[in-house]
Amino acid sequence: MKTYANTVNGRPVTSDRSFESKNPATGEVLGLVPHSSADQVAQAVAAAKAAQPAWAARPDAERKALLMKVAEAIKANADDLARWVTREQGKPLGGVGPDQVPGARFEIWGCEVWTQVPASLELPVETVFEDETRRDEMHRKPFGVIAAIAPWNWPLLIAIWQIVPSLRAGNTVVIKPSEYTSIGTLELVRLIAEILPPGVVNTVSGPGEVGAQLVENRDIDKIMFTGSSATGSRIAAIAAKNLTPTTMELGGNDAAIVLPDADPKAMAMGLFWGAFINMGQTCAAAKRLYVHESLYDAVVAELKALATAMPMGNGMDDGVVMGPIQNRMQFDKVVSLVDQARAGGATIVCGGEAKAGPGNFYPLTLVTDIADGASLVDQEQFGPVLPIIKYRDVEDAIASANRLEAGLGASVWSTDIDKARAVAARIEAGTVWINQHGMIHPMVPFGGTKGSGWGVEFGVDGLKAVTQPQVISIKK
Ligand code: NAD
């Protein structure tokens, strides 16, 4: 069985200990992943620290050009990388384009685009004040060494979101992928590292304790974390002790509100993918649907028609639209939340019964006759389930959307954009989409509010977030 290597200082590194990476569709062991030792974590940080001054000192144009080469390498290896994503994470290979299933090929295309865009952005020096006595300039400097901790749901894309802007701004990086989806990320970073000077991007791998060793290293200058709110809270406590700045992209429980004037047929496909992209294992997927009573039955019928028509299976097979749930822990959580809803009197419109093994397959599940307070509504279930809640007064739907600690995304569906915008403005979430859900873009800042975290990624604001401002103040 092949052991995949970390990349530290441009060289492959394995460890005395390793663990298995499994295909969630088949249970097959795909390979072994090193469990980085504490010393190896320290070595990776030391390599990043040693490489950082020279990397930051390079002309901006050189860093941009190297990152454009990274984008080319991702494109040239897109097929291999997509296969890793499908075999390790579960999403089907799918394709790229509006009529294609947004699966692993879409994820790798996203990696390419989310590399090109930050590589093309500028952070010019701003003159923030000037008069006859003084001129004050705002410069943007890198932090130094960035620790990146990634989750398992969009493993390569999220790694790119953390790595590329950081490098673009002159930081170096040590990234720890999720222990559930390490190989694809190790392979991606190996490719990236071949293009860059040694030590500029490094990996460590292992479970949460390896992540903890990384973030508590005193040579880490900023932490980029994407994952659950519970882990985010633990990392924020370490960061508070060391006064390390953080970006926290945490869990969501996005509400989607369907206003009385929406068109159930026209919006059904957008709403469906807003909820079920990547089997609902997406931070900003619609996880609670609030539908006005006048449209309730029509919306449920449209979604049921779509949910029951999507072929589910091994994502490597042609024609598969939905894959497995990525890991058993997540699978058991989904089973338990649906069982609790059923026991509480909810109606399971479709799905609701786990499929027999070996893969972690759970059918797309719609749940009605359910209300706020049910654990399926209140907790981030992070799976292929959508509770649909009936409302009469839009004020109640807004209050429902805002009543939880989560504040990542939300959406409002209506044929009247002004009406939808007025509702959107009152929702406590980092992004509120109108007549779409989860439609992120590399130029548009994305981040959470409340328990969903702080800081943004993407666009110029995302690039600023991996820099620290320095004012140079000149007496005239
Ligand atoms: P998780 O919090 O369990 O794990 C995330 C990462 O943190 C993994 O690499 C894990 O090994 C590491 N980790 C665990 N304990 C640690 C510790 N004490 N110190 C340092 N690192 C530690 O999350 P997950 O289950 O992998 O991912 C799913 C969660 O991520 C969901 O809640 C989802 O909403 C969230 N998420 C958020 C966004 C966003 O942009 N807001 C994007 C994707 C996923």
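This report describes the surroundings of the ligand in a predicted model.

## Site and coverage

The ligand takes up the space of the second largest pocket. Helix 7 (208-215), strand 10 (222-226) and helix 8 (229-242) are the elements that each give two or more residues to the surrounding shell. Helix 7 supplies the largest share, with three residues.

Two domains take part in the site. Domain 1 (6-250 + 450-475) and domain 2 (254-434) each contribute at least three residues to the shell around the ligand.

## Composition of the shell

The ligand is surrounded by 29 residues, of which Ala-150, Glu-179, Ser-228, Thr-231 and Glu-380 come nearest. By residue class, the shell consists of 15 nonpolar, ten polar and four charged residues.

## Polar contacts

Glu-179, one of the residues that come nearest, has a side-chain N or O atom 2.6 Å from an oxygen atom of the ligand. The side chain of Trp-152 likewise places an N or O atom 2.9 Å from a ligand oxygen atom.

The backbone also takes part: a polar backbone atom of Ala-212 lies 3.4 Å from a nitrogen atom of the ligand. In terms of surface, the ligand on its own has 850 Å² of accessible area, and the protein covers 91% of this.

Definitions and conventions. Residues numbered from 1 in each chain as written. Predicted model: local features only at pLDDT ≥ 70, side-chain atom pairs only at ≥ 80, totals over all residues. Heavy atoms only, no water. Near = heavy atom within 4 Å. Polar contact = N/O pair within 3.5 Å; in protein donor to acceptor, adjacent residues only side chain to side chain. Areas by Shrake-Rupley, 256 points an atom, 1.4 Å probe, with all protein chains shown as cover. 1 Å grid on protein atoms, 1.4 Å probe; cavity = no way out; pocket = protein on both sides within 12 Å on 5 of 7 lines; lining within 4 Å. Sits in = over half its atoms within 2 Å of the grid points. Helix = DSSP H or I, 4+ residues; strand = E, 2+ residues; numbered from the N terminus. Nonpolar A, V, L, I, M, F, W, Y, C, P; charged D, E, K, R; others polar. Domains from an automatic or database assignment.
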